[in-house]
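Colleague: I would like to learn how to read a protein surface that faces DNA, and how to read the relation between two copies of a chain. Could we go through both with the model on the screen?

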Protein chains: 2
Amino acid sequence: MDTGTPLVKTKLLGAALALVRQNGFNATSIDELCRAAGVTKGAFFHYFSSKEALAVSATQFWTEMTGQVFAQAEYNLFEDPLDQLIGYIDFRAQILQGRSLAECTCLLGTMVQEKYDSSSLIREACAIGIFKHADDVEKIIRAAKAKHAPLASWTSESLALHTQAVIQGAFILAKAKNDVAVAADSIRHLRRYIELLFHHARED
Amino acid sequence: MDTGTPLVKTKLLGAALALVRQNGFNATSIDELCRAAGVTKGAFFHYFSSKEALAVSATQFWTEMTGQVFAQAEYNLFEDPLDQLIGYIDFRAQILQGRSLAECTCLLGTMVQEKYDSSSLIREACAIGIFKHADDVEKIIRAAKAKHAPLASWTSESLALHTQAVIQGAFILAKAKNDVAVAADSIRHLRRYIELLFHHARED
DNA sequence: GACTTTATACCAACCGGTTGGTATGTGCTG
DNA sequence: CAGCACATACCAACCGGTTGGTATAAAGTC
C-alpha cells in the first residue's frame, strides 16, 4: 500500500491543523509542532523548506480534507438544488454541535487573518481554499437560482461569498463568547435570508 | 489642559492599534511597538505590566474610539429606527471606501481569533468590546422591531449579533482576497436581509 | 550478482537573532 | 530630597533555521 505521502509529513500536517486552529499560526512554534507530531526538527525541514511552506501545505491539506467532507455530505443527494443549499447551511450548523471551538472553526480564516499582510504566499493559499469552497457552494446556488429565482437581482457568486462571510464571522463571535451557540444563531439567520430571497422571488 | 492619560501611553496604544491590525497581536513585538511610538521599552513597562495588559488596554482604547465614531454618525439622527438601522449598515459599508484593510478592519475580531484560547483576559476584553457594540445596534433594532415588526419571530439580540458576524466575516473574505470590495458586497446582502425581514413582517 | 554510487529519510546538536521581561540609573518636579 | 516618569543596559528563554552526520534503499556499472 502506498499512501503517496509519507507518514511523517502527514503527522506534521495533522498536528499543524490542530495547533494552528487552537493557538494561531504565529503562536505555533516548529518545536511545538514536532513535539506534537512525535517527530524531530530535522524531519520537519526535510519535508518543508520553511514554516511558511508548511502553512501553504497545511492549507492544501485542509482544503482536500474539508472538500471530501462536503462532497460526501447528504445534502448533495437532494433533488432540488434549493434543498441542497438549505441542506448545506444546515450541515454547516450541524458541524458545530458538540465540538470545541478549535475543532469546528476554519483553519484558513484563522490563518489569513494573521498573515494577510505579512505573507502573500500564505494569504494566496488561504484565498484559494476559501474561494474554491465558495465556488462549490455557488454551483448549488446557481442551479437553485435558475430553477426558483431566475430573475432575481443578486448574483450567485455574491450570495455564495456571503454564506462564507457569515460562517467565518460566526466563528469570530463564537470565539469571543467562548460558545459555539452564537455561531449557530447567525447561521440560522443566513438560512432565513436565503429562504426569504427565494420566497420573495417566487412572488414576483 | 489635562487629557487624563499621558501622551506616551496614548502613543503606545495608537501604535498598538495600527500594528496589531496590520500584523496581528503575536507578530507585533514590544520593541517594534516602542519604535513605532517613539518610546523606550522602559516607558512601555512603566504603563503596562505586560504585553497582555497592553492588549486589554488596547481593546478599551479601541472600544472608546469606535464608540465615539458611531455615536457621532449621521444615522443616529434619523427619526425612524428602521432608517437608523439601514443607515448603520450603510455606514459600515461606507467606512470601507478608500481605506486599506488594516485601516478598516476590526482590532477586536483580529485579536480574539489569535488569543481566544491562550489568554482568557484578552478574549474577555475583546468580547466586552464586541458585545457592547452589538448591544448598541440591538437598541436600534429593538426600536425598529417594536415599530415595524412587533410579531416577528426573530429576536433583536440575535439579529444584532448577526450583523456583527456578517461584518467580521466580511473582513476575513476581504483579507483573503486582498480587496475590500467583497466585504462591501456581503454587507449589501446584510442590508437586503434586514429589508426583507421588515418588509416580510409588514405583510403579515 | 557483487560493488559502487547516489538519493532519500531522517536525527541531535547547534547558531545567531529576537522575544517578553527586569534591574538599575537618571533627570525633572513639587 | 522624595517620588514619579521615563531611559539604559541587560537577561534567560525561545525562535526559525542550519549543520554535519547516519541508516537505508534504489540505481547504475562491470
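Modeller: A residue is near a strand if its C-beta atom, placed from the backbone, lies within 6 Å of it. With that cut-off in this predicted model, helix H3 (41–47) of chain A, helix H2 (30–37) of chain B and helix H3 (41–47) of chain B each supply at least two residues of the surface near DNA strand C.

Colleague: Which helix gives the largest share of the surface near DNA strand C, and which residues come nearest to that strand?

Modeller: The largest share, 4 residues, comes from H3(A), while Gly42(A), Ala43(A), Ser29(B), Ser50(B) and Lys51(B) come nearest of the 16 residues around DNA strand C. By class, this surface has 6 nonpolar, 6 polar and 4 charged residues.

Colleague: What does the surface near DNA strand D have by class, and which residues come nearest to DNA strand D?

Modeller: The surface near DNA strand D has 6 nonpolar, 6 polar and 5 charged residues, and of the 17 residues around that strand, Ser29(A), Lys51(A), Thr40(B), Gly42(B) and Ala43(B) come nearest. Here H3(B) gives the largest share, 4 residues.

Colleague: By what turn can chain B be laid on chain A?

Modeller: A turn of 180 degrees, with a shift of 0.0 Å along the axis, lays chain B on chain A with an RMSD of 0.0 Å, and that is the relation of a two-fold axis. In chain B, the C-alpha of Gly169(B) is the one nearest the axis, 1.8 Å from it. The same surface serves both copies, since 100% of the contact residues of chain B recur in chain A.

Definitions and conventions
Residues numbered from 1 in each chain as written. Chains lettered and ligands numbered in written order. Predicted model: local features only at pLDDT ≥ 70, side-chain atom pairs only at ≥ 80, totals over all residues. Nonpolar A, V, L, I, M, F, W, Y, C, P; charged D, E, K, R; others polar. Least-squares fit on C-alpha atoms with pLDDT ≥ 70 in both. Contact = placed C-beta atoms within 7 Å.
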